[in-house]
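Here are my notes on the model you sent round. Please read them with the coordinates open.

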Amino acid sequence: MRSVLPLISLFGMLACGPKSSTDIPTDGTAVADEGSIRLILNDPTQFERPTDNCDAEHCQALLEIIEGATQSIDFAIYGMRNQTKIRDALVAAKSRGVVVRGVVDRDLEGKNYYSSTEALVDALGDVRSDLKADRKIAKQEARDRYDREPKCERPEGFEGPLQCLAYDLGESCLLAAHASREPLEGGAKIMHDKFFIVDRRFVWTGSTNVSDSGTGGYNANLVTVVDSKVLAGWYTDEFEQMYVEGKYHGRKPKPSGQKKVTLGDAELEVYFSPQESPISSRLRPLIRGAKDRIDVAVFFLTHKHIVGDLIDAYRRGVRVRVILDATGAKNGYTKHELLRAAGIAVKVEHWGGKMHMKSAVIDGETVITGSMNWTSSGDTKNDENTIIVHSPALAKQYEAFFETIWNDIPDAWLTANPDPESKDSTTACSDGVDNDFDHDADAEDPGCGDDAPPLPALPPWRIVPKNGRLTCELGMAE
Ligand SMILES: [Ca+2]
Ligand SMILES: [Ca+2]
């Protein structure tokens, strides 16, 4: 039998290793490290349905580092569905003496969204979750809840928290009020990361869930694989805040420096949500600084300020294109119709799989990657990670991929919105998936029938002339 002593000492080292806060320069300079970065973009048009195999390149890359692990695997994932090869590889690593630790998401009832998560937790043992933190935060929020004075009129039929919007279009103003159809309760925050750290050297991360539609290859996703001890150290600190200290969401303290590392020709910046609010602190300034072109590919685009920045970029002559997920385009807070009203080219995807990326490329220079949707929750509530990569070569790779999938989506979806589970959406009626989360899949879904009902309407918007006024304000008269 293998001696347990080396394991205990290794575990001790892992759990009590130096905090990298001391390794983060406070003057914003980048740390130089040996290593490399690889972007893997998964093309959803190559797959007809979710699968339990691991043939897609991003899954292979994950399997490779798990199978090569000699000391440690730390993972923070939303959950797991199918993906037997990944589970088996983790179990095999553990049985050959690798220390395997993990965290997953749970809701206030202790449940996880994905059906194979419990089997993974049972097989590995050392897997924890955000359940306790969620319950504490929910209690606090219940105490803090208060009614805010609404600053705009609620659209009829939309009961959720109200978002009042006013965007400047130069001679006119674009005004809207957004809310979800259903009232939203203050629910659990999400441990939404999808990263693995192997041997404190390799980090596999991005938008891909470990699921039949994620690593199984059905959805459009972007994975970043980084070989860097420095970057792995930052991810380990983030992991241990959750795993060792039980700190999730708003309970994670704000770090003191900016995490930047150079790997060859690429410079990487790392941000964790919510403590670093990456949208407010970094994505918005990047968009405000764009000079030539921005291509965005996201699942949800509901953050009101980043939408204002995209409109401003477009108005100063930057070419802006957006590919949005068709389910995301049904959300009561989606801003894509406002972007279109401002003149920006937005295509809503028409695949069976989802546009699950949370990313953009700016000026052929900077790629935004990670797990964070462009939403207020992604910025300020959930556990998320974002890597910003400055590299013309990787930007070129992203732009080529974007061009391919942009051209794959018919121009009809520049103005209309495909029903995500209907004959509008390639394989959606034969993929075995409830693509639009209404509890009916394929032939059972009314959208796949001959008389498909129209999509429910989104909240309205209007354009009002400025008539000499300097700013756009809510409640402006025509
Ligand atoms: Ca389906
Ligand atoms: Ca459905």
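Which residues of β10 lie on one side and which on the other, and are they buried or exposed?

1. **Strand β10.** One side carries N221, V223, V225 and D227. The other carries L222, T224 and V226. Both faces are covered, and the residues named on the two sides are all buried. The count agrees: β10 spans residues 221-227, and seven of its seven residues are buried. The split into two sides has a general background. In a regular strand, side chains alternate between the two faces of the sheet.

2. **Partners of β10.** Strand β2, residues 36-42, pairs with β10 in the antiparallel sense over seven bridges. Within this pairing, S36 stands opposite D227. Strand β9, residues 202-206, also pairs with β10 in the antiparallel sense, over five bridges. Here W204 has V225 as its bridge partner in β10.

3. **Confidence.** This is a predicted model. The protein chain has a mean pLDDT of 92, and 93% of its residues reach 70 or more. Residues 1-22 have pLDDT below 50. That stretch still has 23 contacts in the model beyond near neighbours in sequence.

4. **Calcium site: donors.** Six residues coordinate the calcium ion (ligand 1). E421 gives OE, D431 and D442 give OD, and N435 gives OD1. A428 and V433 each contribute O. The distances run from 2.1 to 2.5 Å. Along the chain, the donors follow the spacing E-x6-A-x2-D-x1-V-x1-N-x6-D.

5. **Calcium site: geometry and exposure.** The angles among the six donor atoms run from 72 to 175°, and the site is octahedral. Two of the donor residues can be set side by side. Is D431 buried or exposed? D431 has 5% relative accessibility, so it counts as buried. V433 has a relative accessible area of 23%. Buried requires under 20%, so this residue does not qualify; V433 is partly exposed.

6. **H303.** Where does H303 lie? H303 sits in the loop between β13 (293-298) and α8 (304-315). Its relative accessible area is 7%, so H303 is buried. The H303 side chain reaches the backbone nitrogen of I306 at 3.3 Å. Leaving out residues up to four places away in sequence, H303 touches I279, W374, T375, S376 and D379.

Methods: Residues numbered from 1 in each chain as written. Chains lettered and ligands numbered in written order. Predicted model: local features only at pLDDT ≥ 70, side-chain atom pairs only at ≥ 80, totals over all residues. Heavy atoms only, no water. Donors = N, O, S within 2.8 Å, 3.2 Å for Na, K, Ca; no water. Tetrahedral: all angles 85-135°; square planar, octahedral: opposite > 155°, others 65-115°. Buried < 20%, exposed > 50% of the residue type's maximum accessible area, 1.4 Å probe, protein only. pLDDT = per-residue confidence, 0-100. Contact = heavy atoms within 4.5 Å. Helix = DSSP H or I, 4+ residues; strand = E, 2+ residues; numbered from the N terminus. Polar contact = N/O pair within 3.5 Å; in protein donor to acceptor, adjacent residues only side chain to side chain. Pairing = 2+ DSSP bridges.
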